[in-house]
Amino acid sequence: MPSVFIKTYGCQMNERDSEAVAAQLVAKGYSLAPEEAGADVILLNTCSVRDAAEQKAINKMETLIGQTRKRNNRAVLGFMGCMAQSRGQELVDQLPDVDLVLGTQKFHRAGEHLDELLNGRRDSIVDTEAEAGSEGAIREHLALGNGEARAVTAFVSIMQGCNQHCTFCIVPSTRGRERCRSIEDIVTECRGLVEQGVKEITLLGQIVNSYGKREIGVKDGKSAFVQLIEAVHAIDGLERIRFTSPHPKGYGEDLVEAYTRLPKLVENAHLPVQSGSDRVLKAMHRGYTRERFSDLVGKLRAAAPEMGVGTDIIVGFPGETDEDFAATLELCREVEFDNAFLFKYSQRRDTPAASMPDQVGQEIIEARHAELLAAVDEIRGHKLRKYIGQQMEILVEGPSRRNAARLEGRTRCNKIVILEGGPRFIGQVMEVRITEASQTTLYGDPAIHNLN
Ligand code: SAH
Ligand code: F3S
């Protein structure tokens, strides 16, 4: 049977989609190639959020074409995911050596299309149609962890698409309108993962707190998303629940309160703010003000003082002035994010922001990005150092990605902790004492040796 190699760009949703495609192909008898060279099928799962991410995947494909075709290798080369969806046939026109272009509602069709291509029945396939029910098709898991270890953590996709239409964002067009899976379907998938040894589940969606708003609705004062968390929480053997990303708009009291009564829901919130300026937030169509955002963080920290708060920020949105940027910097200092992903604004086709006047020059974007990066790095480093000497609960996920001789775990508030220890710790929830902190990572010593 053929071997497949999948390279993933972009977000956790893409990682999850790649894993589901790989699992689907493994179930058909494919093997997973350890590297591109020699693989019979090479798929690039793409991201369209910024132009740089698209260019990276296109350059990669050009290199792959050069390498495989020169050796007269008939490997099947394909794009899938967001760029495949937004560019479709255009990709094959530009790069005729590309065999497959698979859109975001077609991941479950990968196997059948590859059969046709590998058997030479078709020359190339572009499949980017909308498909009803595709949100429920990303079900299969590989349950592989770091290195040889079994997976301790898993992503579960609870919905697809986004209806918010932030003016800078291409996602509503690459992922389509919001569609959600049923609570029952999601719980069945989670239960299966726990039976395979998974201890922590991250629920994924573009705006998870919009989950089931129309289809399921509010019951006993609880939004559909909180009902879903409760249902997942009830699974025996599951230790931890995370979710990403909630949207600050419509983040209800019921979801804040959930942290106070559901012990498996860990103290972590990734809350994309995008800007600290109300004027820019409005132009972005985000649906909240800076004050509302700060209030929400305050409420979350009051509910759970250890709450780790992460965010996404865009610098250089059209019309962003020095004052607007200063407001973002000030917000970062005020909120003290535990983690912030900074994005340089990138014009995306057919988005309202792309044709707004006052596009910010690249030099200014670079300078603001560097200034904000220095600030958020300093805040993060400072916050991490405060943990030195403290005892924290971690879930040991597997060998450290940087040094396989050590282990890597995660605190409830989403900090990575490196520790010494053998494979018997993997999958365990244990207490460690923090001994050291770098700019991004904590180092710990097992505080209570759990010898089970
Ligand atoms: N649904 C997610 C966002 C998905 S896109 C959420 O709101 O949680 C991930 C991040 O990419 C966004 O939060 C934003 O910070 C960034 N992004 C999106 N479009 C962008 C653009 N045109 N230029 C730069 N960054 C962008
Ligand atoms: Fe994009 Fe805004 Fe939705 S950032 S994914 S349009 S919430």
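1. Let's start with the surroundings of ligand 1 in this predicted model. The ligand has 15 residues around it, and those that come nearest are Gln206, Ser245, Gln274, Asp312 and Ser346. Sorted by class, this shell holds 6 nonpolar, 4 polar and 5 charged residues.

2. Three polar atom pairs are worth a look on your screen. A nitrogen atom of ligand 1 has a polar side-chain atom of Gln206 at 2.7 Å. For Asp312, a polar side-chain atom lies 2.7 Å from an oxygen atom of the ligand. Ser346 takes part through its backbone: one of its polar backbone atoms is 2.8 Å from a nitrogen atom of ligand 1. As for cover, ligand 1 on its own has 550 Å² of accessible area, and the protein covers 91% of that.

3. If you like to view the site by secondary structure, try the strands β13 (308-315) and β14, since each of them supplies at least two residues of the shell around ligand 1.

4. Now for Arg348, which you will find in the loop that runs between β14 (339-344) and α13 (362-385). Is Arg348 buried or exposed? Its relative accessible area is 4%, which is under the 20% cut-off, so Arg348 counts as buried.

5. What does Arg348 touch there? Its side chain forms a polar contact of 3.3 Å with the side chain of Glu54. Setting aside neighbours within four places in sequence, the contacts of Arg348 also include Ser48, Val49, Arg50 and Asp51, along with Phe168, Ile170 and Ala354.

Definitions and conventions. Residues numbered from 1 in each chain as written. Chains lettered and ligands numbered in written order. Predicted model: local features only at pLDDT ≥ 70, side-chain atom pairs only at ≥ 80, totals over all residues. Heavy atoms only, no water. Helix = DSSP H or I, 4+ residues; strand = E, 2+ residues; numbered from the N terminus. Buried < 20%, exposed > 50% of the residue type's maximum accessible area, 1.4 Å probe, protein only. Polar contact = N/O pair within 3.5 Å; in protein donor to acceptor, adjacent residues only side chain to side chain. Contact = heavy atoms within 4.5 Å. Near = heavy atom within 4 Å. Areas by Shrake-Rupley, 256 points an atom, 1.4 Å probe, with all protein chains shown as cover. Nonpolar A, V, L, I, M, F, W, Y, C, P; charged D, E, K, R; others polar.
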